[in-house]
Amino acid sequence: LRVCGVRSLGRISYAAGLALQQSLAEKYKNNFGKAGEVLLCEHDPVYTFGLREKDYALRAGDLKRLGADVFKVRRGGLTTFHGPGQLVCYPVLNLRTLKVGVKQYVRCLEDTVIAACRELGVRAHTSEYTGVWVGNKKIAAIGIQVTHGVSYHGLALNCSMDLSWFQHIAPCGIEDRGVTSLQEELGREVLPAEAAPPLLSSLASTLGLSLESNDACS
């Protein structure tokens, strides 16, 4: 098993989370001993546009007026939303150390979420679209960026959050599908703190990681 640190950051701005990811990606690009670090957090309301999104300039102003930050970032996928009540997981991992290809890694993230949902009592699945679904509603978004063999960005699992934020976008560019959350599916509040342990356990199992807390470093 490859050793990997875990930091629980609480609720932070998207900008702060991105800066930390970029710093860790630089740290681990030539470090083949430790696999990397996994960051867990919630974000203040923010819409993020992926590399393939073309109308960022036209839409950014309208979205900011809703009270959210807006960022265009170097990750796969189109537009998504992050906010309170959503568990965001950023594995900053050297894929060469793990001997995992990019497509295989994305599938591992999907499998991680599906297993975590199963443990929490929700039957989720993959589809022809990236991410994790319950029926035709997305419960978790996935988007990554790989630079110098190190992957960052990651996944966002909807726990107990205000899903109305998604009404202002076509999540990940998919017009005819909706979004859901653990709370919607289970009929009770599911805080990110409840979802984090099964998610981490599943991530460790799927990627062959030995996770250790780095919270003292945060």
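1. Let me start with S151, since its surroundings are easy to check on screen. Leaving out residues up to four places away in sequence, S151 touches P91, V92, L93, L95, Y105, I144, Q145 and V146. The residue sits in strand β9, which runs over residues 150–158. Is S151 buried or exposed? With a relative accessible area of 0%, S151 is buried, since the cut-off for that word is under 20%. Please keep in mind throughout that this is a predicted model.

2. Next, the small sheet. Its three strands follow the order β4-β3-β5, the sheet is open, and the pairing is mixed. Strands β4 and β5 form the edges, each pairing on one side only. On average, neighbouring strands here are turned by 20° against each other, direction ignored.

3. How does β3 pair with its two partners? With strand β4 (residues 69–72), β3 pairs in the parallel sense over four bridges, and T48 stands opposite F71 there. With strand β5 (residues 79–82), the sense is antiparallel, again over four bridges. On that side Y47 has F81 as its bridge partner, while F49 stands opposite T79.

4. A point you may like to look at by rotating the view: strand β3 (residues 46–49) is covered on both faces. V46 and T48 lie on one side, Y47 and F49 on the other, and all of them are buried. Strand β5 is likewise covered on both faces, with T79 and F81 buried on one side and T80 and H82 buried on the other. As background, side chains in a regular strand alternate between the two faces of the sheet.

5. Y47 deserves its own paragraph. This residue belongs to strand β3 and is buried, with a relative accessible area of 0%. Which residues does Y47 contact, leaving aside neighbours within four places in sequence? They are L63, L66, A68, D69, V70, F71, T80, F81, W165, H168 and I169. For a sense of distance, the C-alpha atoms of Y47 and R123 are separated by 27 Å, and the two residues are 76 apart along the chain.

6. Helix α1 (residues 14–28) passes a simple geometry check. At 1.5 Å a residue, its 15 residues should span 21 Å, and the end C-alpha atoms are indeed 21 Å apart, so the two values agree. Seen down the axis, the buried residues of α1 fall within an arc of 130°, so they line one face of the helix. Those buried residues are Y14, G17, L18, Q21, L24, A25 and Y28.

7. Now the packing. The largest nonpolar core has 41 residues, and I139, L157 and L182 have the most contacts inside it. Helix α4 (residues 102–120) gives the largest share of this core, nine residues. Another core lies apart from it, with 16 residues, including L39, V46, V73 and Y152. In general terms, nonpolar side chains in soluble globular proteins tend to be buried together.

8. Finally, I139 is a good place to zoom in. Not counting residues up to four places away in sequence, I139 touches C117, V122, V132, W133, V134, A156, L157, N158, T180, S181 and L182. Two of these names, L157 and L182, come back from the list of residues with the most contacts inside the largest core.

Definitions and conventions. Residues numbered from 1 in each chain as written. Predicted model: local features only at pLDDT ≥ 70, side-chain atom pairs only at ≥ 80, totals over all residues. Heavy atoms only, no water. Helix = DSSP H or I, 4+ residues; strand = E, 2+ residues; numbered from the N terminus. Buried < 20%, exposed > 50% of the residue type's maximum accessible area, 1.4 Å probe, protein only. Contact = heavy atoms within 4.5 Å. Pairing = 2+ DSSP bridges. Expected span 1.5 Å × (residues − 1). Arc of directions from axis to C-beta. Core = buried A, V, L, I, M, F, W, Y, C linked by side-chain atoms within 4.5 Å. Axes fitted to C-alpha atoms, helices over the stretch in contact; angles between N-to-C directions.
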